Amino acid sequence: MKEAGVAVTVCIATYRRAERLAALLDDLQAQTRPPEQIVVVDNDPAGSARAAVEAHRLRPGAPPLAYDIQPEKSISLTRNRCVAHARGDWLAFLDDDERVVPHWLGDMLETAARCRADGVLGPVVPVLPGDAPAWIRRGRFYDGPRLATGARVPDNLMRIGNALIDGARLRREDPVFDPAYGLTGGEDGDLLLRLVRGGALIVWCDSALATEPVEPARLNARWILMRALRGGQDYARHFRKGRLAGGPPSPARRAAFNLRALAQMAAAALLALAALPLGRHRALAWLARACANYGKLSVLWGRHYREYA
């Protein structure tokens, strides 16, 4: 482990969100501790983010900004191209629709140095539109985790939508983001779990806040259930590859994992029915748990929900 280095590169993979990308670039310029470099890689072959990037480059005081296009649709290849352009000692990752507070990067670096950590994750708070249905608000389906600053991040909360990673450790991974996850997602958890199994310490910084709008197209039961299913699939893939604590699973551990998922799926489905009189949001919460466990089982027959296809 090492203390925070001098130079930080912020990496942003983007796809047809030019207006939101422009707002994020504004936030990065307003940082109390600005980055030394920003890298934007566009997964749209038409280069729809180029105008936003060029406009930002013309702003006085803007950090150096590298722009490239990844023509093949793949979140893994797009993020790998970000890493290839990055020159920083530390690499920060943000999603193209996020906004960050002015002290975001400074708090991430301070936490990394104080905890002698190899990586820091921060919270991503959802912002619901004003006309979101009441049952959506009650269910809190989009809320992410919150931990105490300095806490070690558990395996099941590994994701890279708001993250700072030691560049030296990151660049030793080959590939950094596995192309096998390019259309399904889960590439971020796979990377972070590989780092942790290799001895990296990844901690939480709760003040390094990012916000993210919830798209209207996601305000429905189908999206919630499919995201739960994908989460279960991601977890099962990490388990089968030996990314979780305990390493590569034995046949007995695999059997126990699948039997537990089957039992939890059945129990959650029954509880979803029982919860219907208590409100749609309660029933859907249990049904999402059933879908997550079905997702774990579906990996057995090679099913992978391709969310980014």
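Start with the charges: in this predicted model, the protein chain carries 43 positive and 33 negative charges, and their mean positions lie 7 Å apart. Colour Lys and Arg one way and Asp and Glu another to see them.

**The whole chain**

Now zoom out and show the protein chain as a cartoon. You will be looking at 10 helices and 10 strands. Along the principal axes, the C-alpha atoms occupy a box of roughly 60 × 45 × 40 Å. How does the radius of gyration fit a compact globule? For 309 residues such a globule would come out near 19 Å, and the 20 Å of the protein chain agrees with that.

Switch on the surface next. The accessible surface amounts to about 13700 Å², and carbon and sulfur atoms contribute 56% of it. Underneath, 52% of the 309 residues are buried. Of the contacts with a separation of 6 or more, 81% are between residues 24 or more positions apart.

**Stop 1: helix α7**

Select residues 187-197, which form α7. How many of its residues are buried? The count is 10 of 11, so this helix is mostly covered. Among the buried residues are the charged-type side chains Glu187, Asp188, Asp190 and Arg194, together with Leu191, Leu192, Leu193 and Leu195.

What do the buried residues of α7 pack against? Show α3 (75-85), β6, β8, α6, β9 (202-204) and α8 to see the partners. Then step past the end of the helix to Gly199, which follows α7 and has a positive phi near 105°.

**Stop 2: a cis bond before α7**

Step back along the chain to Pro175, in the loop between α6 (167-171) and α7. Look at the peptide bond joining Asp174 and Pro175: it is cis, with omega about 0°. Most peptide bonds are trans.

**Stop 3: two arginines with positive phi**

Most residues other than glycine have a negative phi. Select Arg116, which is not a glycine yet has a positive phi of about 50°. Arg116 sits in the loop between α4 (104-115) and β6 (119-121). Is Arg116 buried or exposed? Its relative accessible area is 40%, so Arg116 falls in between and counts as partly exposed.

Now go to Arg140, also not a glycine, with a positive phi of about 50°. Arg140 belongs to the loop between α5 (134-139) and β8 (162-166). Its relative accessibility is 59%, over the 50% cut-off, so Arg140 counts as exposed.

**Stop 4: the cysteines**

A disulfide is a covalent bond between the sulfur atoms of two cysteines. How many disulfides does the model have? The count is 0. To see why for Cys82, show Cys11, whose sulfur is the closest cysteine sulfur: the two are 5.1 Å apart, too far for a bond, since a disulfide needs sulfurs within 2.5 Å. Cys82 is buried, at 2% relative accessibility. Then select Cys115 and its closest partner, Cys205; their sulfurs are 8.6 Å apart, which is again too far for a bond.

**Stop 5: His56 in α2**

Select His56, in helix α2 (residues 50-57). With 3% relative accessibility, His56 is buried, because that value is under 20%. Which residues surround it? Setting aside neighbours within four places in sequence, His56 contacts Leu25, Asp26, Gln29, Ala62, Pro63 and Leu65. Display these side chains together to see the setting.

**Stop 6: Met265 and Ala290**

Move to Met265, in helix α9 (residues 251-275). Where does the chain come back to it? The C-alpha atoms of Met265 and Ala290 are 4.3 Å apart, although 25 residues separate them along the chain. Beyond neighbours within four places in sequence, Met265 touches Ala290, Asn293, Tyr294 and Leu297. At 21% relative accessibility, Met265 is partly exposed, since buried means under 20%.

**Last stop: Glu215**

Finish at Glu215, in the loop between β10 (210-213) and α8 (221-240). Which residues does Glu215 touch? Not counting residues up to four places away in sequence, Glu215 is in contact with Arg17 and Arg20. Add Asp27 to the view as well: Glu215 and Asp27 are 188 residues apart along the chain, and their C-alpha atoms are separated by 20 Å.

Conventions:
Residues are numbered from 1 along each chain as its sequence is written. This is a predicted model: local features need pLDDT of at least 70, side-chain atom pairs count only at pLDDT 80 or more; totals for chains, interfaces and linings use all residues. Side-chain values use heavy atoms; hydrogens and water are left out. Helices (H or I, at least four residues) and strands (E, at least two) are DSSP runs, numbered from the N terminus. The radius of gyration is taken over C-alpha atoms; the globule rule is 2.2 Å times the number of residues to the power 0.38. Buried means under 20% relative accessible area, exposed over 50%, partly exposed in between (1.4 Å probe, protein chains only). Contact means heavy atoms within 4.5 Å. Accessible areas come from the Shrake-Rupley method with a 1.4 Å probe; for residues, only the protein chains shown count as cover. The place of a charge is taken as NZ of Lys, CZ of Arg, CG of Asp or CD of Glu.
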